[in-house]
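Work through the exercises below with the sequence and the coordinates open. Each task is followed by a solution in steps.

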Amino acid sequence: MRSGKRIQRFGVLIVSVCFSFLLVDSHADENPSASVDVNLFASAVLSGGDSVMVGDRGKVFLSRGGVGAWKEIESGTTRALVTVCFPNDRHGWIAGQGGVILHTVDGGKTWTVQSSGVEAYLLDIDFVDPYHGVAVGADSTVLFTTDGGATWQNAALGTSSDLAEEINLFAVVMMDERKACTAGDGGRIFFSEDGGKGWVESKSPLYDEEMMEGRILYSMTYDSGILYAVGIDGVLVTSTDQGKTWKERATGFPGPELFCIDVVNGVGLAAGSGGQIIRTSDGGSSWQVMDVPDEITRFWLSGVDLQETTAGGVRGLLVGQDGTVGRFDSGALSW
């Protein structure tokens with residue numbers, strides 16, 4: 001099983017309070033009933049129902065069994081944490097501001113710092129198993145590991161045309177030990193077939209090579225042989241060949257941005273500004289706008305993670321601005 005992802009929304013949110021660089025010291029031990037009052041950027045749902053959320057000022061929260069109060073977990077950093085992934089129920093990684101990478105081997109109860117070797121803002125991280133992972137971020141930063149993050153190595157992007165400047169990479173997905181895909185500024189997309197060491201640029205329907213501009217992609221996920229990526233203008237693109245070619249898809253999304261997406265067994269949620277959420281139950285062939293309470297429309301939603309249940313259903317967690325948390329189960333949302 002794989003769980004956890006996915007903030008990937010540096011471009012628009014950085015101009016909001018979302019990526020504040022005014023960091024406040026945080027030295028809280030595990031709190032039995034923590035107040036979730038910070039911007040939350042990403043979530044992970046484990047197979048047993050435990051959930052992890054990460055956010056501003058180095059905040060990490062853990063909920064056992066998918067119910068009850070959130071506990072604040074000591075992260076060891078006050079830097080913003082914007083992405084989290086768990087390739088299994090024990091091993092997980094968090095990444096964020098200043099190149100910070102955190103690792104857990106006990107399902108999120110304790111976290112230790114790994115040395116990334118970079119100071120760039122890391123905007124997404126993904127592992128396909130406890131050993132093979134890729135992290136991406138600002139200024140064309142790409143890192144890969146084959147030893148569970150004990151060591152991280154830099155990788156360079158291969159481009160179909162020269163980059164006028166470094167680009168921000170907001171999303172990365174590993175499909176297996178060798179195949180990975182990343183996307184970001186201008187809708188530019190790159191794929192790797194060697195575990196993240198080398199990257200080739202895809203032909204993106206969102207990027208105009210002549211004008212050297214396009215529509216930003218903020219989030220990406222992989223399910224049942226299909227890659228999905230979403231971004232500004234509510235855009236959705238998909239690939240069925242491990243990221244080599246892409247097609248733009250209609251969603252009917254009424255908002256300006258989609259900041260996050262996840263799909264499991266054809267059931268998917270994508271969410272963004274104004275608390276807007278769209279849902280698919282047929283692998284992205286069609287999408288419907290979900291109803292949300294009026295108070296939720298005041299906030300952006302930046303992280304979603306879905307997990308298959310033992311009964312074959314799908315449940316998940318949505319997180320966002322000012323501690324907004326929504327649970328998805330049996331097709332319904334609760335806040």
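**Exercise 1. Overall make-up**

Task: State how many helices and strands the protein chain has, and what share of the residues is buried.

Solution. The protein chain has one helix and 31 strands. The model is predicted. Of the 335 residues in the protein chain, 59% are buried. The exposed area of the protein chain is about 12,400 Å², and 48% of it comes from carbon and sulfur atoms. Among contacts with a separation of 6 or more, 51% are between residues 24 or more positions apart.

**Exercise 2. Aromatic pairs**

Task: Classify the ring pair of Phe86 and Trp111, and say which parts of the chain the pair ties together.

Solution. The count of aromatic pairs comes to six. For Phe86 and Trp111, the centres are 6.0 Å apart and the planes stand at 80°. Planes over 60 degrees apart count as edge-to-face, and the pair of Phe86 and Trp111 is edge-to-face. Next, place the two residues: Phe86 lies in the loop between strand S5 (81–85) and strand S6 (92–96), and Trp111 in the loop between strand S7 (101–104) and strand S8 (112–114), so the pair ties together parts that are 25 residues apart in sequence. Last, check burial, for which the limit is under 20% relative accessible area. Phe86 is buried at 0%, and Trp111 is buried at 8%.

Task: Do the same for Tyr218 and Phe259.

Solution. The ring centres of Tyr218 and Phe259 are 5.4 Å apart and the planes are at 65°, so this pair is edge-to-face. Tyr218 belongs to strand S20 (residues 217–223) and Phe259 to strand S24 (residues 258–264), so the pair ties together parts that are 41 residues apart in sequence. Both Tyr218 and Phe259 are buried.

Task: Which residues do ring pairs link into a cluster, and which ring has the charged end of Lys244 over it?

Solution. The cluster consists of Trp93, Phe127 and Trp152, linked by ring pairs. The charged end of Lys244 sits over the ring of Phe191, 5.3 Å from the ring centre.

**Exercise 3. Two open sheets**

Task: Give the strand order of the sheet that contains S10, and identify the edge strands.

Solution. The order is S9-S10-S11-S12, an open sheet of four strands with antiparallel pairing. Strand S9 (122–127) and strand S12 (153–154) are the edge strands, as each pairs on one side only. Inside the sheet, four bridges join strand S10 (residues 133–137) and strand S11 (residues 142–145) in the antiparallel sense. One residue pair to locate is Val134 with its bridge partner in S11, Phe144.

Task: Repeat this for the sheet that contains S24.

Solution. Four strands form this open sheet in the order S24-S25-S26-S27, and the pairing is antiparallel. S24 and strand S27 (288–289) are at the edges with a single partner strand each, so one side of each is left without a neighbour in the sheet. S24 and strand S25 (residues 267–272) run antiparallel and are joined by six bridges. Leu258 has Gly272 as its bridge partner in S25.

**Exercise 4. The surroundings of Ser192**

Task: Is Ser192 buried or exposed, and which side chain does its own side chain meet in a polar contact?

Solution. Ser192 lies in strand S16 (residues 189–192). Its relative accessibility is 2%, so Ser192 counts as buried. The side chains of Ser192 and Asp194 are joined by a polar contact of 2.9 Å. A polar atom of the Ser192 side chain also lies 2.9 Å from the backbone oxygen of Gly198. Leaving aside residues up to four places away in sequence, Ser192 touches Arg178, Lys179, Ala180, Lys197, Gly198 and Trp199.

Terms used
Residues numbered from 1 in each chain as written. Predicted model: local features only at pLDDT ≥ 70, side-chain atom pairs only at ≥ 80, totals over all residues. Heavy atoms only, no water. Buried < 20%, exposed > 50% of the residue type's maximum accessible area, 1.4 Å probe, protein only. Contact = heavy atoms within 4.5 Å. Areas by Shrake-Rupley, 256 points an atom, 1.4 Å probe, with all protein chains shown as cover. Phe/Tyr/Trp six-rings, centres within 6.5 Å; stacked < 30°, edge-to-face > 60°. Lys NZ or Arg CZ within 6 Å of the ring centre and 35° of its normal. Pairing = 2+ DSSP bridges. Polar contact = N/O pair within 3.5 Å; in protein donor to acceptor, adjacent residues only side chain to side chain.
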